[in-house]
Amino acid sequence: MKILGMIGGTSWHSTIEYYRLINELVGEVIGADQNPSLILYSINIQLMREQNKEKIITKYLDIAQKLEQAGAEAIIICANTPHMVYEAVQPLINIPILHIAAAIGKEAQKHGLSTLGLLGNKPTMTGDFIPRFLKAHFGIETIIPASAYLDLSHYYVSKELTIGKFTKEAKDFYINQMSLLAQRGAEGMIMGCTELPLLITQEETAFPLFTTTQLHAQMAADFILGKG
């Protein structure tokens, strides 16, 4: 099995989900009495909340290099928003970063979908690191909520979900946003915050949900097992 490096901490709630899922998915193949070798570096989420992109890139590059030096053969960033560093960090290390949008794109193609709604915090929704990757590699278009809703979505993610608070108000808000995105052409919804699947399950909505945590963890398991 290959050794995977994990960059977590944004938030630690989602990092737990990644760790659990990767171990379970690999265990389904090698046996539940075994587990893969993983190297985890968990950062302080405050780094992301400062929204200083250069500082974030510098930190993630330093961590990625440390994980490579420690023996990691690939890296998974255990959250959506930190993928903003991908284009800056990937060329400066010698091992691949498993991009979360690649996991989304492959699954969307299986379902024959060409337009996806993107939900998450403001940097994820307004940034181009997921939409550009999906468009360039899979020809998939991405749409986000209307500007009037962006700040409230950011509030729910940063002030509630990432600290483990899951409210009915937040659930109702995101279910409504899915309906609005569907009216504009979205055929499926990217759960672009790793805590969103903890708030809303597929059974609670008729729209296809692309739970980035699950898809990304499966990509990691496939890498570990030499399938990808």
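1. Let's start with the strands: β1 (residues 4–8) and β3 pair in the parallel sense, with four bridges between them. Within this part of the structure, Ile7 stands opposite Ile77 in β3. Do keep in mind that this is a predicted model.

2. The wider sheet is open and has three strands in the order β2-β1-β3, with parallel pairing. β2 (38–42) and β3 stand at the edges with a single partner strand each, so one side of each has no neighbour in the sheet. On average, neighbouring strands are turned by 20° against each other, direction ignored.

3. Two helices are worth viewing together with the sheet. Helix α1 (residues 12–30) packs on the sheet and touches β1, β2 and β3; its direction makes about 160° with that of β1. Helix α3 (residues 53–69) lies across β1, β2 and β3 and runs at about 155° to β1.

4. Elsewhere, helix α5 (residues 100–110) packs with helix α11 (residues 212–224) at an angle of about 100°, their axes being 9 Å apart. Angles of 65 to 115 degrees count as roughly perpendicular, and α5 and α11 are therefore roughly perpendicular to each other. On the α5 side the contact is made by Ile100, Ala102, Ala103, Ile104, Lys106 and Glu107; α11 contributes Thr212, Leu215, His216 and Met219. By class, that contact has six nonpolar, two polar and two charged residues.

5. A word on confidence: the protein averages a pLDDT of 94, and 100% of the residues score at least 70. Among the elements, helix α10 (residues 196–199) has the lowest mean pLDDT, 88, while strand β3 (residues 74–77) has the highest, 98.

Definitions and conventions
Residues numbered from 1 in each chain as written. Predicted model: local features only at pLDDT ≥ 70, side-chain atom pairs only at ≥ 80, totals over all residues. Heavy atoms only, no water. pLDDT = per-residue confidence, 0-100. Axes fitted to C-alpha atoms, helices over the stretch in contact; angles between N-to-C directions. Parallel < 35°, antiparallel > 145°, perpendicular 65-115°, else oblique. Contact = heavy atoms within 4.5 Å. Nonpolar A, V, L, I, M, F, W, Y, C, P; charged D, E, K, R; others polar. Pairing = 2+ DSSP bridges.
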